[in-house]
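Q: I have a structure in front of me and do not know how to read it. Can we go through it one feature at a time?

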Amino acid sequence: MAASTAKLSNLSVGPQKVRLVADLIRGKDVAEALSILQFSTKRCARPLAKLVQSAVANADNKGGVNVDKLFIQTITVDGGKVNKRWRPRAMGRATPLIKRTSHISVTLEQR
């Protein structure tokens, strides 16, 4: 059976923060991963849960897959576009604001 994938681009959370949550669910069964994400307090947990559910739906649409036996084979978090802004500071100066984004890719496989 071929693996099922789903991708999320330009999530407005830094990749280092997303990797903390992605490490929690790597290698877990889908049901267990979704319950971990449901009770996580991190901001990126909800988009990650939706991404995992999308990958499950993609596997279901392919057919010939037992959805209950799916697990997260790989989850990768890469840096995306960086928005550069400026913040005014004292005495007419300005300091840069770096707003990072993330690209996330999930691959599910059947046990």
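A: We can start with a contact between two helices, keeping in mind that this is a predicted model. To read such a contact, list the residues on each side. Here Val21, Leu24 and Ile25 of helix 1 meet Ala33, Ile36 and Leu37 of helix 2. Sorted by kind, the residues of this contact are six nonpolar, no polar and no charged.

Q: At what angle do the axes of helix 1 and helix 2 cross, and which hand does the crossing have?

A: Look at the two axes and the directions in which the helices run. The axes of helix 1 (residues 15-25) and helix 2 (residues 30-38) come within 9 Å and cross at roughly 140 degrees. The crossing of these two helices is right-handed.

Q: Next, the sheet. In what order do its three strands lie?

A: Read a sheet from one side to the other, not along the chain. This open sheet has the strand order 1-3-2, and its pairing is antiparallel. Strand 1 and strand 2 are the edge strands, each pairing on one side only. Ignoring direction, neighbouring strands are turned by 10 degrees against each other on average.

Q: How many bridges join each pair of strands?

A: Take one pair at a time. Strand 2 (residues 70-88) pairs with strand 3 (residues 94-110) over 16 bridges, in the antiparallel sense. Strand 1 and strand 3 are also antiparallel, with six bridges.

Q: Which residues of strand 3 are the bridge partners of Ile72, Ser4 and Thr5?

A: Follow a residue across to the neighbouring strand. Ile72 has Leu108 as its bridge partner, and Leu108 is likewise the partner of Ser4. Thr107 is the bridge partner of Thr5, and Thr74 stands opposite Thr107.

Q: What is found in the hairpin of strand 2 and strand 3?

A: In a hairpin, look at the residues between the strands and at their backbone angles. This hairpin has five residues between its strands, and Met91 takes a positive phi near 60 degrees.

Q: Which strands does helix 3 touch?

A: For a helix against a sheet, check the strands it touches and its direction. Helix 3 packs on the sheet and touches strand 1, strand 2 and strand 3; its direction makes about 150 degrees with that of strand 1.

Q: How many residues are in the largest nonpolar core, and which have the most contacts inside it?

A: A core is read by its members and by the elements that supply them. The largest nonpolar core has 27 residues, and those with the most contacts inside it are Val18, Leu48, Ile72, Ile75, Ile104 and Leu108. Strand 1 (4-11), helix 1, helix 2, helix 3 (45-62), strand 2 and strand 3 each supply at least two of the residues. Helix 3 gives the largest share, eight residues. As for Val18, its contacts beyond four places in sequence include Leu48 and Ile104.

Q: Why is Leu97 called partly exposed?

A: Compare its accessible area with the cut-offs. Leu97 has a relative accessible area of 28%, and partly exposed lies between under 20% for buried and over 50% for exposed, so Leu97 is partly exposed. Leu97 is in strand 3. Beyond its neighbours within four places in sequence, Leu97 is in contact with Asn83, Lys84, Arg85 and Arg87.

How values were computed. Residues numbered from 1 in each chain as written. Predicted model: local features only at pLDDT ≥ 70, side-chain atom pairs only at ≥ 80, totals over all residues. Heavy atoms only, no water. Axes fitted to C-alpha atoms, helices over the stretch in contact; angles between N-to-C directions. Helix = DSSP H or I, 4+ residues; strand = E, 2+ residues; numbered from the N terminus. Left-handed = near helix turned anticlockwise from the far one by under 90°. Contact = heavy atoms within 4.5 Å. Nonpolar A, V, L, I, M, F, W, Y, C, P; charged D, E, K, R; others polar. Pairing = 2+ DSSP bridges. Buried < 20%, exposed > 50% of the residue type's maximum accessible area, 1.4 Å probe, protein only. Core = buried A, V, L, I, M, F, W, Y, C linked by side-chain atoms within 4.5 Å.
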